[in-house]
Amino acid sequence: MTEKYFGKPIKRLEDKFMLTGNVKYVDDIEVPGQLHAAFLRSDYAHARILKIDASEALKRPGVVAVYTADDFGDFWKPGPLQVPPPTAIPGSQFNARTLVPIAKDKIRYSGEVLAVVIAESRYIAEDAFDDIIVDVDPLPAVVDLEKGWENTSVLVHDDLPSNMAALVKQEVGNYEEAKKNADVVISKRMLIEHVAAAAMENRGFIASWDERNQEMTIWAGTQSPLTIRGSVSRALGLAESQIHVITPYIGGGFGPKVMTSLADDVLLPWISKQLKRPIKWIEDRRENFLATTSERDQVHHCEIALKKDGTILGFKDVFYHNTGAYDSYGMTVPLNTQTHTISNYRIPNFYSEIRMVFTNQMVVTPVRGAGRSEGIFAMERMVDFAAKELGISPIELRKKNLLRVDELPLNTGVIGQDFVVNILDSGDYLGNYEKCLEVIDYEKFRKEIQPKARKEGKRVGIGVVAFTEGTAVGPYEGCRITVSTSGKVTMTSGYSTQGQAHQTVFAQIIADQLNVKIEDVRVITGDTNQFAWGAGTFASRGAALVGAATYLAAQKVRAKIFSTASKKLEVPEDELELCEGSVCVKGQPETTIPLGTLAALANPMRGVVEPGVEPGLEATAYYGPPHGSTGCGAMGVIVSIDEETCKPVIERMVMVDDCGTMINPLIVDGQLQGGISMGIGNTLYERLVYDENGQLVTASFMDYLMPLATDMPKKLDIVHNHAESSLKVNPLGIKGVGEAGAIPPGPAIVQALEDAFQDTKLEILESNLSPSQIYEYLKKA
Amino acid sequence: MSNKLFPITVTVNGVEYKREVEARLLLSDFLRHDLGLLGTHVGCEHGICGACTILFDGGAVRSCLIFAVQANGHEIRTVESLGTPENLHPLQQSFHEKHALQCGFCTPGFLMTLVPFLEENPHPSDDEIREAIDGNICRCTGYEKIVEAVQDAAAKNSQAK
């Protein structure tokens, strides 16, 4: 295979249209005759609904209809379980209380939908909110995870005996036995704070029922178009062929756009069918904060047991996980936490217990990092505390316990989000860590930079952590590749795109395999009429799974090209080769036949293939891995902090990453840098704060601080350190990389902050630190 | 809320438009939905994210914080006034070459912030670039490649002169 494109920093094919405002996001789509929907949302987090009277709203000019839960009759019902519970884990308990599309009888979180107004414009629809009388009986809200878990708590779901959404215990070895042999046992309680995904484009949904053709067209800013097609089909009793879901350009996903069975995707198709008019809804930022899903928010009770020499004997973690008011997305996030907690180090004995709690808060589903960040944070912090207790450098303690190359692949014994036992398949964990120490010049910092800064009265610290990123989980993805009679090539997939450069990276694979110009490859993603099989865009799996399927489908098309050309030219296949855009005879470059001509011939109507043979230079392929593959790496940071203002500055950051084979290093670096900014934001700025009444008090960008250009590291280096073993994990040797950047900044930054105050007793027990929180910590230190 | 309409005359990308609008219509909605200039994106509608940044009489402003009636008699430029897919503006070309965009939603706002900035500061330092874009949020890129793209555009601009 000639590799003109694969592995090269190819500039994106999609850019020139995006840069000039020539692509359409969901709000850019105007369907003739469309009406606008607005959702009246609850101000209360927990309340009984006594009465909702919308009769006045209907009198307002421009209002077409108003719906409350009762107006949907039998159509109203709790939604599907989007991700099933982990039946593979013995003894696991899971109480499914799935999302309802609109509140009926009881409100369970602030922002839950109470009424849908349909009007000629969005302005009028929102005006009508003032006309709707909502009478409720407020209830105390469940906000605190540990209190909410207690049997004495107010109940989010009255029919359950407690707020337990799930209880899952996983044990490897025997922690309590191992603890008996320990010289040191350290216990800590730590908080992982709640953050938003905050894609720059909010969600959006258009449903357009065509009465004449009996077909529903849906445009949605979703990571899972096929899930929506399936759920709308079931809910409305339509064949899937009657539903066409199109994902236009999407302004970022980062997790929550995978969620379905929300008010928009359930109610708007039904309303469109009732009114026989297209209905458009575009989420605003406040709605996105209040009611689109978010993540993190765990309380960990960790214990680590070690020998005096630093050997880790065991780790115990009982953690509370906030699932919000409903748990339709199952346990993906806390299971990721469980698997990632022991994904770096040699931990022979491990006990982990998930206590997933219903609260009167928005629903929790994966956000970039997705449970991985939490597990890595918990473990990395505990290793730091152990180092202090033992008087060993945190660096040496890590080096001692990090898994060695010859210990992989390792079956950790912990079942993960894909319901199979986590396999740490490949990589050089210790090598990554040592590389990071070298690039950040740890020794120089310790011996020269830090002592010099201290003499000048400045606070500066260093932190170096290890991480893994579970990626590329199944079940599968697929694609179809077709060569047109024009010679242009089209690839279609059920995968949807939110900025990950799919139009370029999949085209790179195809252009090399078929030896065509990359500009002649068109990649279509997320259109259910083009390709109707696949799971969705999540868990850093696109490049690995769709990439593998693309490679496999291209191989099949390549075989068809050669067999068709061989028949036409009457030359054996092994005497043929691909020249750019055509097939030529080896040694006779003048004897060529263009791919477009072969595409025409590959049709029994007029060609060289026999009737009954699968026509076309076209092939479909699927790829499903037996288990995910684990990216890995290390991160080092140097942080300075002004003792007066407590404002930290990231002076230097080094990220070492192993994501296996890179299709396009430019795109990989972009993914890592974007993830890093999110990790920095999560650590130093972003925090969703609920008050004791369940009110989200940070529901705008004025209160929820996003990381900005001036908050990034003053110097950032990304080092690719790809182990041989990583290049063999699937047909192309690709691991995911979408979430890696977001995982290690938290533990690295807090380690560096503690290091800057190593002469004090500063001990940081949470994942998000504003300057005022740092100030409070320092007062106690 | 009164539905009274107000006549306005606005020059957008060199074309004069006469329209009648409600007093409360946001300039961002006017540009997008009345004029069909979809390159201006709306990310927060409270003036923080910067996705809707346009040039108002040459200065970068948030079109979600202005009513369309306030644009009466003024001159506006949107991302559509820069380059075309076939002929990118030099700054757009640098964004392309340096991979300074991913989902592309915030990008028009960054471009409209940076065009007047580069005119006033043809040789900016990295810190000055970061300050200049501190009012624009990008969730995808981590800003690194945006800074590189601006440096690239500045360097090419000075070579051209």
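The following paragraphs lead through a predicted model of two chains, A and B, from the overall form of chain A to single residues and the contact between the chains.

Residues are numbered from 1 along each chain as its sequence is written, and chains are lettered from A, with ligands numbered from 1, in the order in which they are written. Since the model is predicted, local features need pLDDT of at least 70 and side-chain atom pairs count only at pLDDT 80 or more, while totals for chains, interfaces and linings use all residues.

Chain A has 19 helices and 29 strands; these are DSSP runs numbered from the N terminus, helices being H or I of at least four residues and strands E of at least two. The radius of gyration of chain A, 28 Å, is close to the 28 Å that the globule rule gives for 781 residues, so chain A is as compact as a globular protein of that length. This radius is taken over C-alpha atoms, and the rule is 2.2 Å times the number of residues to the power 0.38. Along the principal axes, the C-alpha atoms of chain A fill a box of roughly 80 × 75 × 50 Å.

Buried residues make up 57% of chain A. A residue is buried if 20 or more other C-beta atoms lie within 10 Å of its own, exposed if 12 or fewer, and partly exposed in between, with C-beta atoms placed from the backbone. In soluble globular proteins, nonpolar side chains tend to be buried together. The largest nonpolar core here has 291 residues, and V639(A) is one of those with the most contacts inside it. Such a core is a set of buried Ala, Val, Leu, Ile, Met, Phe, Trp, Tyr and Cys residues joined through C-beta atoms within 7 Å.

V639(A) also leads to helix 18 of chain A: among its contacts beyond four places in sequence are I749(A), A752(A), L753(A) and A756(A). Two residues are in contact if their C-beta atoms, placed from the backbone, lie within 7 Å. Each of these four partners is listed among the buried residues of helix 18 of chain A. In that helix 12 of the 12 residues are buried, so it is largely enclosed by the rest of the structure. Its buried residues pack against elements including helix 10 (372-390), strand 27 (629-641) and helix 17 (665-684) of chain A.

Some loops of chain A hold unusual backbone geometry. Most residues other than glycine have a negative phi, and most peptide bonds are trans. A cis peptide bond joins L408(A) and P409(A), with omega about -5°, and P409(A) lies in the loop between helix 11 and strand 17 (410-415) of chain A. A501(A), although not a glycine, has a positive phi of about 70°. This residue, A501(A), is found in the loop between strand 21 and helix 14 (502-514) of chain A, and it is buried, with 29 other C-beta atoms within 10 Å.

Finally, 44 residues of chain B are in contact with 44 residues of chain A. On the chain B side, the largest share, four residues, comes from helix 2 of chain B. The residues of that side divide into 21 nonpolar, 13 polar and 10 charged, where Ala, Val, Leu, Ile, Met, Phe, Trp, Tyr, Cys and Pro count as nonpolar, Asp, Glu, Lys and Arg as charged, and the others, Gly among them, as polar. E80(B) lies in the loop between strand 5 (75-77) and helix 2 of chain B, and its contacts include G21(A).
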